[in-house]
Amino acid sequence: MQELGHWIDGKRVPGRSGRFADVYNPATGEVQAHVALASKDELDAAVASAAAAQPKWGATNPQRRARVMMEFVRLLNRDMDKLAEALSREHGKTIPDAKGDVQRGLEVIEFCIGAPHLLKGEFTDSAGPGIDMYSMRQPLGVVAGITPFNFPAMIPLWKMGPALACGNAFILKPSERDPSVPLMLAELMQEAGLPDGLLQVVNGDKEAVDAILDNETVQGIGFVGSTPIAEYIYSRGCAAGKRVQCFGGAKNHMIVMPDADMDQAADALVGAGYGAAGERCMAISVAVPVGEKTADKLIEKLVPRIEKLKVGPYTAGDDVDYGPLVTADAMKRVKGLIASGVEQGAKLVMDGRDFALQGYEDGFFVGPTLFDNVTPEMDIYRQEIFGPVLAQVRANSYEEALKLAMDNEYGNGTAIFTRDGDTARDFAARVNIGMIGINVPIPVPLAYHTFGGWKKSGFGDLNQHGPDAFRFYTRTKTVTSRWPSGLKEGGEFHFKAMD
Ligand code: NAD
């Protein structure tokens, strides 16, 4: 059995805690590897050598740091197929989707090549007589990223790129469910020229996360995962005086207005609802057609499209639309929620619970599931299902649909499908959600904008990637300098206004 350890000081090292977790092939249900779960001592040692390596890296000119990112982009492209295969094998998503996972991370690394420009700071010439004032952005020191299973390339890249480009050392604690790709990324960073010790990949579970929270050297934490853990890490990290940003779960609504192009809306819903088996924080899990006629029409358009979906292992190549869920527990949870929807009175239009695939009977597959007549009290509406389950909630008016999205505790993404510019503008302006799509079902911002949800989907002041990431991973230092000419004044005992 393959044993996956950690990446410390520029090499793969075995775990020393004696604790391991199983890594599955979700398509077959087999355990394909064991991943080491780090102890507090292992985490602390990784942080200590990162702290020793960081000052030299922080003092390296930003252009040289950017060149490492440039080479890293080349290597990610070179190894795209290898990375995608390793990713699909542990996560279960299709190969094209796995490539998208790497690609969306790679684009953030491309953005990081602009570090010299992004870190330039501000300067005021002659703020007073002989006085110049400048603000510079300095790295925090050692920072950590704790990432989820569903994007094992993209989210580690979103974190490590900006953190390292800003001059920090970075501790990555990836998901223990698909740890291979993060280790491969660390190898590529080394090949790209990153000095050893600056990127440490420490595999683990709660023990490693708590060790990060308790370690006084760690100055900042970026977390992505479920909301309860986001809240836990945010509150404990902030209480310990660290800079923390945590991105949590989601329940994304797509509003379909009566004037929408219904074929376009149905196509969008099928991709956004069932792609990656619904294991995306930006998946659409709630369809909200406005008016009974729109709702009936949408179901009529959705059913034949959903019937055509092909579910299977990633090894089936382009013939598959989505794969299995990540673990047996995830599959059981999703099937349990489907059962609760039936018990609580939703209309089950399509049931994916009995999905079976010859040769893959032990895989963690759930077929596409569609509910109609869902109401806000039901568990399938209240909980993030994170599976291939789309719930239709019927609204009588635009205001009712808007209120539904706004009253939901999550605020990651939302979309509206309409041909009316006025409605679209009103929606974008009023809705209390971080990322909005107008006739776009999954509005994931590109690397040079920022990504972040509101309400229970995001904790902290700054978003991920884009310019916010460079603010998050640096702190501002402002210098007021005077080089007086002529006579020296005496001491000053009050704040001076600049003349
Ligand atoms: P998760 O919360 O179970 O795990 C995330 C990370 O936290 C992992 O590294 C895990 O090891 C660690 N962790 C788990 N339990 C912990 C505990 N008790 N104490 C300390 N650390 C713990 O999330 P997941 O299942 O890996 O990922 C899916 C979730 O992530 C979904 O809720 C999804 O919406 C969310 N997500 C959000 C975004 C976003 O940007 N908002 C992006 C991707 C995924």
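This short presentation describes the surroundings of the ligand in a predicted model.

Let me begin with the location. The ligand occupies the space of the largest pocket. Residues of the shell around the ligand come from both domain 1 (2–248 + 457–481) and domain 2 (252–438), so the ligand lies between these two domains. As for secondary structure, helix 8 (206–214) and strand 11 (218–224) are elements that each supply at least two residues of the shell.

I turn now to the composition of the shell. The ligand is surrounded by 27 residues, and the closest are Thr147, Lys173, Glu176, Ser226 and Glu384. By class, the shell contains 13 nonpolar, 9 polar and 5 charged residues.

Next, the polar contacts. In the side chain of Glu384, an N or O atom lies 2.6 Å from an oxygen atom of the ligand. At Thr147 the partner is a polar backbone atom, 2.8 Å from an oxygen atom of the ligand. For Arg177, the distance between an N or O atom of the side chain and an oxygen atom of the ligand is 3.4 Å.

Finally, how much of the ligand does the protein bury? Taken alone, the ligand exposes 840 Å², and the protein buries 89% of that area.

Terms used: Residues numbered from 1 in each chain as written. Predicted model: local features only at pLDDT ≥ 70, side-chain atom pairs only at ≥ 80, totals over all residues. Heavy atoms only, no water. Near = heavy atom within 4 Å. Polar contact = N/O pair within 3.5 Å; in protein donor to acceptor, adjacent residues only side chain to side chain. Areas by Shrake-Rupley, 256 points an atom, 1.4 Å probe, with all protein chains shown as cover. 1 Å grid on protein atoms, 1.4 Å probe; cavity = no way out; pocket = protein on both sides within 12 Å on 5 of 7 lines; lining within 4 Å. Sits in = over half its atoms within 2 Å of the grid points. Helix = DSSP H or I, 4+ residues; strand = E, 2+ residues; numbered from the N terminus. Nonpolar A, V, L, I, M, F, W, Y, C, P; charged D, E, K, R; others polar. Domains from an automatic or database assignment.
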